[in-house]
Amino acid sequence: MNITYPALQDSVCSSHLLSGRKFDVSKLSGRRKIASLLTEFIRQNNVSKVKNTLNIYNVKQRYMIVSLKINGCPLIFTASHAGNVSLVNYFLDQCDANIEQRGTYVGMKSTPLWIAALRNHFYVVVALVEHGADINTQASSGKSAVSISCRNAKIVKYLIQQGADIDLPDARGRTSLMYSAPHLNICRRLLSLGANVNRVDHKGQDALHFAIKRGQLKTVDLFVRHGTNLLMKDNNGTTPLEFAAIHNKPDILEYLISTNQYGREAIISAYELLGSQFAMDYHLTYNAEQVKIWWFRAIEMRHGDTTQAPIMKHLSTNQRLVTNLIGEEFTSSDFLNQILHDVNSMWTQGLLVQSRILGPRHPTVIKSFMRKACFHINRTDFHSSLHLLYCLLSFFEQFTDPLQNDILDVVGTFSSILMHTVLANNSSTYYIFRIFHCFVKYVSYHIIPYLKKYGRNLMFHRIPDFERFLVEILDLLEFILNFPLPDCQGSEIENSLGELLRHHPRGMNHITLLQLSIRMYRTVSVVEMLLRCGADVNAVDNEGNTAIHYAILYPSQHQIEILSSLLQYGCHVDIVNNNGYSALEYLQHCRLITSYLKYCTLQCICARTIREHNVKYKHILSKDLAYFVDKHG
């Protein structure tokens with residue numbers, strides 16, 4: 001890729017420069033004009049014009065010129081990109097150029113050495129290194145000069161000889177060897193230069209995982225011969241053998257088995273996983289024979305050898321819940337033969353296999369269950385999709401962090417598709433209601449206790465994430481309330497919300513669920529439902545605002561109805577926020593109240609009287625009562 005240089009705007013300036021006329025380099029406009037011309041000369045590979053132009057200035061002035069960036073690139077960066085070793089040396093020796101000054105290349109910030117290595121300019125690389133350039137330089141993407149020059153044996157070998165770190169990781173922890181996995185010869189070269197075959201990235205995956213994912217059998221063999229750890233698990237607990245099965249690489253899987261590093265049960269699990277991938281990846285163009293090969297082979301290994309005890313499938317408590325919801329996993333070839341040509345049943349078997357072997361936290365399991373749930377929703381099979389969502393929520397309960405974005409993404413995607421289907425087909429909201437109930441229960445019994453358990457520091461950092469969960473609850477609630485509800489569903493919604501509100505959930509700025517619903521312009525029915533379920537109408541956020549302040553600050557088309565509901569549920573109209581404003585004047589202006597005494601308690605009147613007459617109450621009243629008085633003046 002070539003850097004685009006700005007065209008010359010002023011041919012007169014060029015002739016002046018060539019005739020020896022000086023520009024005023026003390027001004028930025030003068031330096032920029034010279035730097036633009038020099039950039040064009042470099043593009044034309046006109047070394048003499050560059051040197052003649054700069055030689056009429058002293059070293060300090062030259063430095064000011066060459067340091068200026070044109071199109072995001074200083075002159076030494078442009079010369080390194082062009083491969084002009086003569087100009088690179090000149091800028092360093094005669095202009096005192098900054099050897100580490102970065103330029104822009106396809107959106108990345110990188111040094112002259114990095115761009116020279118990328119462009120395969122060996123002699124420029126040598127010149128920069130000899131002048132003291134950082135040989136371990138990395139672009140803003142995190143990739144090192146060694147990493148991006150892997151295809152050039154000469155440059156890589158030279159940089160390594162000069163002390164470059166061949167295993168220097170990028171921002172994701174990935175090394176040159178990992179990125180080179182698709183190229184066998186490059187991997188050989190890097191290994192011969194000392195690359196570490198067992199170095200892992202931030203996901204706990206080494207170069208072998210990259211080779212497996214790309215389907216590079218010969219590269220896998222190379223890494224095995226260089227001592228890669230075949231039993232090492234990544235951050236998801238996946239071995240290379242399981243990784244090959246998950247990514248549907250039968251030839252690599254059989255090769256790994258041939259290394260004799262894996263036990264009988266590990267091999268059986270790998271065959272079952274591979275069969276599950278064929279059952280799920282190709283469910284639309286179903287290949288029953290491929291599934292049959294691998295699953296029948298696993299059955300034979302489990303039970304066929306009479307000289308050894310059969311290996312039984314061990315089901316965790318969570319897996320037993322999954323089987324109760326979506327069915328039992330196959331245990332015999334007879335059972336498989338009965339369902340072999342039923343694509344949906346075989347797909348379900350694939351889910352059961354994956355969740356048992358990989359566990360509920362594995363991202364492959366989450367994605368597989370989510371994909372099948374969406375498949376059923378698109379065919380309006382809500383019953384099956386809801387059971388899969390129950391499975392997913394049970395998986396999420398196993399997470400160390402119940403606030404992971406994956407959880408919200410799953411529920412949000414699931415509910416959005418279901419809402420669209422309900423509206424398009426005029427279907428019942430029963431299944432949306434079930435999702436709402438499960439999601440509120442998950443927040444009440446897993447997320448809120450988690451936040452309370454780890455204290456204020458965690459809550460401070462995770463409140464933005466938690467507020468997203470509260471917003472999702474409001475989205476679901478508003479959708480459900482747009483439709484008529486049977487009495488039993490209405491009671492269950494009130495019970496679920498009542499349990500949630502008893503935990504006093506708060507979002508950013510200590511906003512309550514009631515205040516959040518008003519700020520997000522939810523309908524009156526949502527506000528009234530929250531009030532009926534016990535939302536504290538007089539709770540305040542960090543700025544001292546109650547729900548009625550929010551109704552005034554965020555006016556909607558339902559503002560009058562919302563204000564009336566808040567008044568009906570006993571909001572204190574005379575509570576002032578941190579800025580000293582109450583809702584009283586606004587409500588009187590809107591003629592919603594004629595006498596504020598109707599909406600004040602005896603305590604409110606006493607508090608206002610204390611403030612109006614400057615009665616001393618600090619250190620006399622209790623802390624709670626003093627706070628109450630503060631809010632009424």
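UniProt positions are given here in the numbering used for this chain, and such annotations may be inferred rather than shown by experiment. With that in mind, the unreviewed UniProt entry places the annotation "repeat: ANK" on residues 108-140, 203-235, 509-542 and 543-578. The structure discussed here is a predicted model, and two of the annotated stretches can be described from it. Residues 203-235 are 48% helix and 0% strand, with the C-alpha atoms at the two ends lying 5 Å apart. For residues 509-542, the helix content is 47% and the strand content 0%, and the end C-alpha atoms are again separated by 5 Å.

Two helix pairs were then examined. Helix α2, which spans residues 28-43, and helix α3, which spans residues 47-55, have axes that come within 8 Å and cross at roughly 155 degrees. Because angles over 145 degrees count as roughly antiparallel, α2 is roughly antiparallel to α3. In this contact, I34, L38, F41 and I42 of α2 meet K49, V50, T53 and L54 of α3, a set that divides into six nonpolar residues, one polar and one charged.

The second pair consists of helix α18 (residues 288-303) and helix α21 (residues 343-358), which pack at an angle of about 50 degrees with their axes 13 Å apart. The two helices α18 and α21 are therefore oblique to each other, and their crossing is left-handed. The contact is formed by V291, W295 and R302 in α18, which meet M346, Q349, G350, V353 and R356 in α21; by class, the residues of this contact comprise four nonpolar, two polar and two charged.

Terms used. Residues numbered from 1 in each chain as written. Predicted model: local features only at pLDDT ≥ 70, side-chain atom pairs only at ≥ 80, totals over all residues. Heavy atoms only, no water. Axes fitted to C-alpha atoms, helices over the stretch in contact; angles between N-to-C directions. Helix = DSSP H or I, 4+ residues; strand = E, 2+ residues; numbered from the N terminus. Parallel < 35°, antiparallel > 145°, perpendicular 65-115°, else oblique. Left-handed = near helix turned anticlockwise from the far one by under 90°. Contact = heavy atoms within 4.5 Å. Nonpolar A, V, L, I, M, F, W, Y, C, P; charged D, E, K, R; others polar.
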